[in-house]
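Okay, thanks for making room for me on the agenda. Could everyone pull up the model on their screens, and then I'll walk you through it?

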Amino acid sequence: LPFLLPETVTSAEGHICQSCNELKKIDLGGIQEISSAVLYYCSSLESVIIPATVERIEDTPFVGCTSLK
């Protein structure tokens, strides 16, 4: 099962996860905005579900997430 952000979270700023090496999949729920380095060096992360509610994604939101497909 993926990690699911609660629908009440509308903005992702700073590092939501940093070096979460067991995290393989994350669902960004009802998020509207994704800032830089939100997922930071999560080396096992393979999948990010970005919802249709996203209005803005800053540069380099997935720094060091080398397993993303």
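So, Arg56 and Glu58: their side chains meet in a salt bridge, with N and O 3.1 Å apart. Keep in mind throughout that this is a predicted model. Glu58 has a relative accessibility of 28%, so it counts as partly exposed. Arg56 is in that class too, since its relative accessibility is 38%.

Now, which residue joins Arg56 in a salt bridge with its closest N and O atoms 2.6 Å apart? That's Glu33. Glu33 sits in strand β5 and Arg56 in strand β8, so this pair ties together parts of the chain that are 23 residues apart in sequence. Glu33 comes out as partly exposed, at 29% relative accessible area. And since these salt bridges share partners, Glu33, Arg56 and Glu58 end up in one network.

By the rule used here, the count of salt bridges comes to three. The one I haven't mentioned is between the side chains of Lys69 and Glu46, at 3.9 Å from N to O. With a cut-off of 4 Å, that pair counts. It links distant parts of the chain: Lys69 is in the segment after β8, while Glu46 is in the loop between β6 (39–40) and β7 (47–49), 23 residues away. Lys69 is exposed, at 83% relative accessible area, whereas Glu46 is partly exposed, at 30%.

Okay, on to the sheets. What is the strand order in the open sheet that contains β5? It runs β2-β5-β8, three strands, with parallel pairing. The edges are β2 (11–12) and β8 (56–57), and each of those pairs on one side only. Between β2 and β5, which covers residues 33–34, there are two bridges, in the parallel sense. If you click on Ser11, its bridge partner in β5 is Glu33, and Glu33 is the residue that makes the salt bridge to Arg56.

Next door in sequence to Glu33, have a look at Ile34, also in strand β5. Buried or exposed? Buried, with a relative accessible area of 0%. Setting aside neighbours within four places in sequence, Ile34 is in contact with Ala12, Leu28, Ile50, Val54, Arg56, Ile57, Glu58 and Pro61. So that list includes Arg56 and Glu58 from our salt-bridge network. By contrast, Ser44 is 10 residues from Ile34 in sequence, and their C-alpha atoms are 20 Å apart in space.

Ile34 also shows up in the largest nonpolar core, which has 15 residues. The members that touch the most others are Ile26, Leu28, Ile31, Ile34, Leu39, Leu45 and Val48. In general, nonpolar side chains in soluble globular proteins tend to be buried together. Take Ile31 from that group: beyond four places in sequence, it touches Leu5, Val9, Thr10, Ser11, Ala12, Pro51, Thr53 and Val54.

There's another open sheet as well, again three strands with parallel pairing, in the order β1-β4-β7. Here the edge strands are β1 (3–4) and β7, each pairing on one side only. β1 and β4 pair over two bridges, in the parallel sense, and Leu4 stands opposite Asp27 in β4.

Asp27 is one I'd like you to zoom in on. It's in strand β4, residues 25–27. How far away is the nearest side chain of opposite charge? That's Lys25, at 7.5 Å, and Asp27 is buried yet has no salt bridge. A salt bridge needs the atoms within 4 Å, so Lys25 doesn't qualify. What Asp27 does touch, leaving out residues up to four places away, is Pro2, Phe3, Leu4, Leu5 and Ile49.

Last stop, the cysteines. How many disulfides does the structure hold? Zero. Cys42 is in no disulfide, and the nearest cysteine sulfur, from Cys20, is 4.5 Å away. Cys42 is buried, at 0% relative accessibility. Then there's Cys65: its closest cysteine sulfur is the one in Cys42, at 4.8 Å, which is too far for a bond. Cys65 is buried too, with a relative accessible area of 8%.

That's my tour, and I'm happy to go back to any part of it.

Terms used:
Residues numbered from 1 in each chain as written. Predicted model: local features only at pLDDT ≥ 70, side-chain atom pairs only at ≥ 80, totals over all residues. Heavy atoms only, no water. Helix = DSSP H or I, 4+ residues; strand = E, 2+ residues; numbered from the N terminus. Buried < 20%, exposed > 50% of the residue type's maximum accessible area, 1.4 Å probe, protein only. Lys, Arg positive; Asp, Glu negative; His and termini not counted. Contact = heavy atoms within 4.5 Å. Core = buried A, V, L, I, M, F, W, Y, C linked by side-chain atoms within 4.5 Å. Pairing = 2+ DSSP bridges. Disulfide = S-S within 2.5 Å.
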